[in-house]
Amino acid sequence: MAAAMLNAFGGDGGELSQGDRALLGRRAVSMGSAYRLFYERPVHFVRGEGVWLFDPEGRPYLDAYNNVACVGHCHPRVVAAVARQAAVLNTHTRYLTEGVVAYAERLTSLFPAGLDNVMFACTGSEANDLAIRIAKTFTGRRGFVVTELAYHGGTEAVAAMSPSLGRAVPVGQHVRLAPAPDSHNIPRDEMASTFARGVRAAIADLERHGVPPAALLVDTIFASDGIFADPAGFLGEAVEAIHEAGGLFIADEVQAGFGRTGDRMWGFERHEVSPDLVTLGKPMGAGYPLSGVVARPEVIEAFGSRSRYFNTFGGSPVACAAGQAVLDVIEDDGLLANAQRVGTLFREALGHLFRRHEIIADVRGAGLFIGVEVAAAGAAPRSAVLAAAIVNGMRERGVLISSTGPRGDVLKIRPPLVFSEPDVAYFIERLQSVLEGLA
Ligand code: PMP
């Protein structure tokens, strides 16, 4: 099952309120048929605050899904920073402005030495699209290796490297797929070598077809592949393989970046690898569109000497004010340590709860990016049906999660980084009620 098909509303809205049915109808007429809504009964939100979202009746939903609002919904410091800057100046990177330079300096200082340049864009797709162009220019090659169910974005170039979009969206002829590092089925001590073997085979196949690899592009938490985090370090051998083949390593940190995985700011740091290019997005502006590509200066130089770069909104003064405020909150409120601490006890609580029910579950992840692969202990229902029942049962009880993975049987739990111990207790209590309902 393609990840794109998971947790998608497919009914006629018959069970919704009259107001929501009308909104659903207007949405279909004005926005067309390519969009998907989450849940069997879609949710309508009018307000957000911290880890909570509220529907028109004021009913609260605990948000255990949205990583963009990494510092919590509508964080007052982000809102104030955006409003303050919007009232003073909002132009673009073709004028000298202090804010963009200060933000670039601060952001690059958060990366290992060598990754000293950053270029700004607005979405994760744009960042990956730019990284692909840079990698092609630097290496003079056009081949790419990605994982089997990767999602890297929606532009023409990036969709061709996003097999999770499904069979109807063809993977490029210059793209090869490597099996994802499935920690549920691969023994821990074989993860690094097994993943690297798949990457080497993909590289060899590209070379055989006369399209040597420009880069290995990997989401460092493997979100759409099913969420694979451990053992930390397993990426190393695959990165060595692409470097030996003369290609670059692009770490897609759109999901894992900005403290999501807990102990470190970036997902690639857990694996102690050195990317040549890093792409950033989603949480970077906590909802204000802001993304970027971080790279070694000589890599950018190869691109910049041949091509100029400009992105009208990327790195605008307001975007950079949002980015600064996000970093302020992450640092001042100790959100990395919080993600590490709360994430660990969250996974433990999930493990306990599932063990008490007739459900076999692999609870995995890092920090506050948690995957729970579920399977019923008896025969039926199928694991994907079970996962969907849990996702929708949680929604009915006012908690937001989703599902992912090749079979759609991995619960995807990825709350704002401000998620607290009481939030975990609330989540577990609701999940218990869902599981009891299923039994
Ligand atoms: N890379 C990864 C790993 C993603 O998960 C996504 C979005 N889900 C993207 C890139 C694309 O980001 P955007 O939707 O901002 O274009």
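These legends walk through close-up views of a predicted model.

**View 1. Meet the residues around the ligand.** Start with the ligand and look at what surrounds it: Thr123, Gly124, Ser125, Asn128, Tyr151, His152, Gly153, Asp219, Asp252, Val254, Gln255 and Lys282. Sorted by class, this shell holds 7 polar, 3 charged and 2 nonpolar residues. Which helix gives the most to the shell around the ligand? That is helix H4, spanning residues 124-139, with 3 residues.

**View 2. Polar atoms of the protein meet the ligand.** Here we zoom in on single atom pairs. At Gly124, a polar backbone atom is 2.9 Å from an oxygen atom of the ligand. The side chain of Asp252 brings an N or O atom to 2.7 Å from a nitrogen atom of the ligand. Lys282 also takes part through its side chain, with a polar atom 3.2 Å from a ligand nitrogen. How much of the ligand's accessible area does the protein cover? On its own the ligand has 400 Å² of accessible area, and the protein covers 81% of that.

**View 3. The largest pocket, with the ligand in place.** Step back a little, and you can see that the ligand takes up space in the largest pocket. This pocket holds about 1,400 Å³ of space. Its lining is made up of 49 residues, and those nearest the centre are Phe38, Tyr65, Tyr151, Lys282 and Lys412. Helix H4 and strand S14 (402-404) are the elements that give two or more residues to this lining. By class, the lining of the pocket has 24 nonpolar, 19 polar and 6 charged residues. Two residues named here, Tyr151 and Lys282, are also among those around the ligand.

**View 4. A cis peptide bond at Pro231.** Now turn to the backbone. Most peptide bonds are trans. Between Asp230 and Pro231, however, the peptide bond is cis, with omega near -5°. To find Pro231, follow the loop between strand S7 (213-219) and helix H7 (236-244).

**View 5. A positive phi at Phe258.** Most residues other than glycine have a negative phi. Phe258 is not a glycine, yet its phi is positive, at about 60°. Look for Phe258 in the loop that runs between strand S8 (248-252) and helix H8 (267-270).

Definitions and conventions: Residues numbered from 1 in each chain as written. Predicted model: local features only at pLDDT ≥ 70, side-chain atom pairs only at ≥ 80, totals over all residues. Heavy atoms only, no water. Near = heavy atom within 4 Å. Polar contact = N/O pair within 3.5 Å; in protein donor to acceptor, adjacent residues only side chain to side chain. Areas by Shrake-Rupley, 256 points an atom, 1.4 Å probe, with all protein chains shown as cover. 1 Å grid on protein atoms, 1.4 Å probe; cavity = no way out; pocket = protein on both sides within 12 Å on 5 of 7 lines; lining within 4 Å. Sits in = over half its atoms within 2 Å of the grid points. Helix = DSSP H or I, 4+ residues; strand = E, 2+ residues; numbered from the N terminus. Nonpolar A, V, L, I, M, F, W, Y, C, P; charged D, E, K, R; others polar. Points joined across faces, edges and corners; volume = space filled by probe spheres on them.
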